[in-house]
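Q: I should like a close look at a single part of this structure, taken residue by residue and then set in its surroundings. Please keep the account connected.

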Amino acid sequence: MVSENPLQPPWLNAPPVDPYPYEESHDLRVGPKLHPSLDGLLPYIGVWRGRGRGGFPTIEDFDYAQEIRISHDGRPFLFYESRAWILDEQSCPVRPAGREVGWWRPVLDGDRVTDELEALMTTPTGVMELHIGKRSGTRIEFATDAVVRTATAKEVTAGARLFGIVEGALLYAQEMAAMGHSLSPHLSARLIRVGG
């Protein structure tokens, strides 16, 4: 029954709900069954931690540590979460650095999984990137199809990312076009699996 008063919807005074009832996992031994369309991305699922080097024409080079969590909830996409922190010369944490969340999704042709991927990456600094990519074995190449920014975000206009599983480690390199500069190297790292 619809409430006659639109200012008093029926859910307004409803009792609290239980916690989110569906499990998400970065460990294939527990949690929901992996959706069959994600079989080609299975090597990426887990928690990864390691070190990298960053830079750009407008900033000095820097060392950083990073943790990436790639998980699933049984549906045909992966959840991607990354957080990084700056390291000093003694590898001690200096301050928090970049964070982003996103989703990786295989492209289907009817019921058939293709080697194409779509990814959406969003940062708390107001930049959202839509990537189109291709998977070849354990190598993934992404390039931006669109970049959307808030009015106060840095001027990022394009990006490219290369991911690979090499000897059990997650390696990646990221290029960025921003602040009037064309696509330039920005980040690269090697992370080892610490969970999953």
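Which residues does the UniProt annotation "binding site" cover?

A: The model discussed here is predicted. According to the unreviewed UniProt entry, the annotation "binding site" covers Thr58, Lys154 and His186. These residues span 129 residues in sequence, yet no two of their C-alpha atoms are more than 14.4 Å apart, so they gather at one spot. That spot can be related to a pocket: Thr58, Lys154 and His186 are included in the lining of the largest pocket.

Two of the annotated residues can be described in detail, beginning with Lys154. Lys154 is found in the loop that runs between strand 7 (139-149) and strand 8 (156-166). Its relative accessible area is 61%, and because the threshold for exposed is over 50%, Lys154 is classed as exposed. When residues up to four places away in sequence are not counted, Lys154 touches Val127, Arg149 and Met179.

His186 has another setting, in strand 10 (residues 181-195). With a relative accessibility of 16%, His186 counts as buried, since buried means under 20%. Its contacts, leaving aside neighbours within four places in sequence, are Arg53, Gly54, Gly55, Phe56, Gln174, Glu175 and Met176. Of the two, then, Lys154 is exposed, whereas His186 is buried, and both belong to the lining of the largest pocket.

The pocket itself comes next. The space in the largest pocket amounts to about 950 Å³. Its lining consists of 34 residues, and those nearest the centre are Ala97, Gly98, Lys154, His186 and Leu187. Two of the annotated residues, Lys154 and His186, are thus among the residues nearest the centre of the pocket. Two or more lining residues are given by each of strand 2 (59-71), strand 3 (78-87), strand 4 (93-109), strand 6 (127-136), strand 8, strand 9 (169-178) and strand 10. Strand 4 provides the largest share, with six residues. By residue class, the lining divides into 19 nonpolar, eight polar and seven charged residues.

Several of the strands that line the pocket also carry salt bridges. The whole structure contains 13 salt bridges. In one of them, Arg49 is paired with Glu67, and the closest N and O atoms are 2.6 Å apart. This pair links distant parts of the chain, with Arg49 in strand 1 (residues 46-56) and Glu67 in strand 2, 18 residues apart. Arg49 is partly exposed at 37% relative accessibility, while Glu67 is buried at 13%.

Glu67 also forms a salt bridge with Arg83, at 3.0 Å from N to O. Glu67 belongs to strand 2 and Arg83 to strand 3, so this pair ties together parts that are 16 residues apart in sequence. Arg83 is partly exposed, at 39% relative accessibility.

A further salt bridge joins the side chains of Glu118 and Arg105, with an N to O distance of 2.4 Å. Here Glu118 lies in strand 5 (residues 112-122) and Arg105 in strand 4, so parts that are 13 residues apart in sequence are tied together. Both partners are partly exposed: Glu118 has a relative accessibility of 25%, and Arg105 has one of 45%. Returning to the pairs described before, salt bridges that share partners join Arg49, Glu67 and Arg83 into one network.

Two loops beside the pocket-lining strands deserve a note on backbone geometry. Most residues other than glycine have a negative phi. Ser91 has a positive phi of about 65 degrees although it is not a glycine. Ser91 is located in the loop between strand 3 and strand 4, and it is partly exposed, with a relative accessibility of 35%. Glu167, likewise not a glycine, has a positive phi of about 50 degrees. Glu167 is placed in the loop between strand 8 and strand 9 and is exposed, with a relative accessible area of 80%.

Terms used:
Residues numbered from 1 in each chain as written. Predicted model: local features only at pLDDT ≥ 70, side-chain atom pairs only at ≥ 80, totals over all residues. Heavy atoms only, no water. UniProt positions renumbered as here; feature names shortened; annotations may be inferred. 1 Å grid on protein atoms, 1.4 Å probe; cavity = no way out; pocket = protein on both sides within 12 Å on 5 of 7 lines; lining within 4 Å. Helix = DSSP H or I, 4+ residues; strand = E, 2+ residues; numbered from the N terminus. Buried < 20%, exposed > 50% of the residue type's maximum accessible area, 1.4 Å probe, protein only. Contact = heavy atoms within 4.5 Å. Points joined across faces, edges and corners; volume = space filled by probe spheres on them. Nonpolar A, V, L, I, M, F, W, Y, C, P; charged D, E, K, R; others polar. Salt bridge = Lys/Arg side-chain N within 4 Å of Asp/Glu carboxyl O.
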